[in-house]
Amino acid sequence: MRYLSVLDIIRLGSTCQTLHEFASLRHVWRDVLFQHRFLDQCYPHLRSCTAEEICHQLKTAARLDHIWTQPSIVPKRLYTFPLDFPGVFQGLKFLPGGTWLVLLFHCRNLNPSRHSNLCLMQPSTGAGLPAASTTFQSEMCWLPFLDQDGPYKSSRGDDLMLLRTKCNDGSNAFGVVHLNTKTPSITIPLIFRTNVFVRNYAAAGDYVVYGWITSDRRHFLRIMQLNENYNGFRRDMTVEIDCPKGHGGKLRIRYDLRLSGRVPCILLVSTRLMTAYEIPSTLPSDPEANPPLLLTPFWQLRPAAVTFGRFVKMFHEGTIVSLYEGQILFIRPDLDASEPNAHVIEKYNFEPPHPQSSQWPCLFTAQRIFWLSSLHNQKGTTCPWQMAIETTAIPENDHREGRAIMNFQETQTSAPSTRTRIVQDWDELSGRLCIRSAHSRFTQDLRCRRIAWRVTLVDFV
């Protein structure tokens, strides 16, 4: 079975009753999931899904891979709805699966003491307002969404998100958000603070981690594991990591949590070093343990040149993206390999194709890249207001580096505005793209001018 593709197993199950029962077994699809190049690593929650859900996800991934080999990609469906809220836009992201969206905006008019608002919405499949939505007013003013904030799946399959902000006393506050799509409802069951200068942080599954560096260049991490209700910590520990000299100080440091392997791991990334540390189950539960346990790296990667380049983005369980010498490098650590310090580095040459001219990629995901490109008009000159969306898959070989233009002209519904088109988010599980467009509502009174947002969801499968 390991040599059969997803479609081959489906065809095999349609030949007779015996093979159909065999092709419906959960362990068969779990084995196929483990052999997939990224699904098992990027989305560990799929391991606990049913056979039908795993099969559906593998079919979606196979269809997306085929679509992205075409020179022109025609969306299957487009859904457009207004995004009307009385405040300042702070972020919009998919929940894993692409069915729900979470919106963060600031507004003091609704309640001056609760001016950070979270909105959980499920867009309808037709025209009009979202089919279901709920809004939560927070007592704290949260900062805009970042890549490491989520949303992400917990070990029990719940949708979580991490918010952060700076308090008036100089401390950092973090909030764990539970996005319940069954009710629907939004709660923040846990808010915790720290007075240290947080270099960076990460959250995935049931874990939250942040790090700081002391004046004597010692590198510490606080590792927290949430309990079942997400209102406290099952484990809360402070550890020191053995970071080689010269890789601390003022260098930009990022963290990532790797939960798909045999043991949960923490990945430290800087421009000159990548190291991975295991989180052993024998760590003391006392956060005040003195001296703290010292973690030594079991995996290291150093650049062949001076640095890896400029890190653009990190993805849970997937890859790390950096820009260096006119190339995009996708660095994939293989932490479970038998050989030491195993990794894969894939290169993409950043050369705009003719006749389009594009800026830096507007959206990175673990498997796709998206650009906004300026098209030529009838006179042969580039028109900055006529924008197209280009995309490509992360190359696994030299034959997958071609770009494809998304063709909105062949869709039956109207395409999003080309003047203010913003590629907002991409969900790999559903093959759904979120595009945000805007237009100003000009009135005679300048104080009443505001921007009206519209969201277009693009389905490819």
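This is a guided tour of one predicted model, to be followed with the structure open in a viewer. Residues are numbered from 1 along each chain as its sequence is written, and side-chain values use heavy atoms, with hydrogens and water left out. Because the model is predicted, local features need a pLDDT of at least 70 and side-chain atom pairs count only at pLDDT 80 or more, while totals for chains, interfaces and linings use all residues.

**Helix α5**

Begin by selecting residues 51-67, which make up helix α5; helices here are DSSP runs of H or I with at least four residues, strands are runs of E with at least two, and both are numbered from the N terminus. The expected span of a helix is 1.5 Å times one less than its number of residues, so the 17 residues of α5 should span 24 Å, and the end C-alpha atoms are indeed 24 Å apart. Now colour the buried residues of α5, among them Ala51, Ile54, Leu58, Leu64 and Ile67, where buried means under 20% relative accessible area, exposed means over 50%, and partly exposed lies in between (1.4 Å probe, protein chains only). Cysteine 55 counts as buried because its relative accessibility is 15%.

**The largest nonpolar core**

Next, select Trp29, Leu39, Tyr43, Leu46, Leu58, Ile328 and Phe330, which touch the most other members of the largest nonpolar core, a group of 29 residues. Such a core is a set of buried Ala, Val, Leu, Ile, Met, Phe, Trp, Tyr and Cys residues joined through side-chain atoms within 4.5 Å. Which helix gives the largest share of this core? That share, 5 residues, comes from α5.

**Strands β11 and β12**

Move on to residues 200-204, strand β11, where 5 of the 5 residues are buried. Asn200, Ala202 and Ala204 point one way from β11, whereas Tyr201 and Ala203 point the other way. Then add residues 207-213, strand β12, which runs antiparallel to β11 and is joined to β11 by 5 bridges; two strands pair if DSSP finds at least two bridges between them. Alanine 204 stands opposite tyrosine 207 in β12. The two strands form a hairpin with 2 residues between them, and glycine 205 in the turn has a positive phi of about 60 degrees.

**An open sheet**

Now look for the open sheet of 4 strands in the order β3-β4-β5-β6, with antiparallel pairing. Its edge strands are β3 (88-94) and β6 (132-138), each of which pairs on one side only. Within this sheet, 7 bridges join β5 (residues 116-122) to β6, and leucine 118 stands opposite phenylalanine 136 in β6.

**Salt bridges**

Finish with charged side chains, where a salt bridge is a side-chain nitrogen of Lys or Arg within 4 Å of a carboxyl oxygen of Asp or Glu. By this rule the structure has 13 salt bridges. Select arginine 47 and aspartate 40, whose closest N and O atoms are 2.7 Å apart; arginine 47 is partly exposed at 24% relative accessible area, whereas aspartate 40 is buried at 10%. Aspartate 159 and lysine 153 meet in another salt bridge at 3.2 Å, N to O, with aspartate 159 buried at 6% and lysine 153 partly exposed at 22%. A further stop is the salt bridge between aspartate 256 and arginine 258, at 2.9 Å, where both residues are buried. Last, select Asp65, Arg368 and Glu428, which are joined into one network by salt bridges that share partners.
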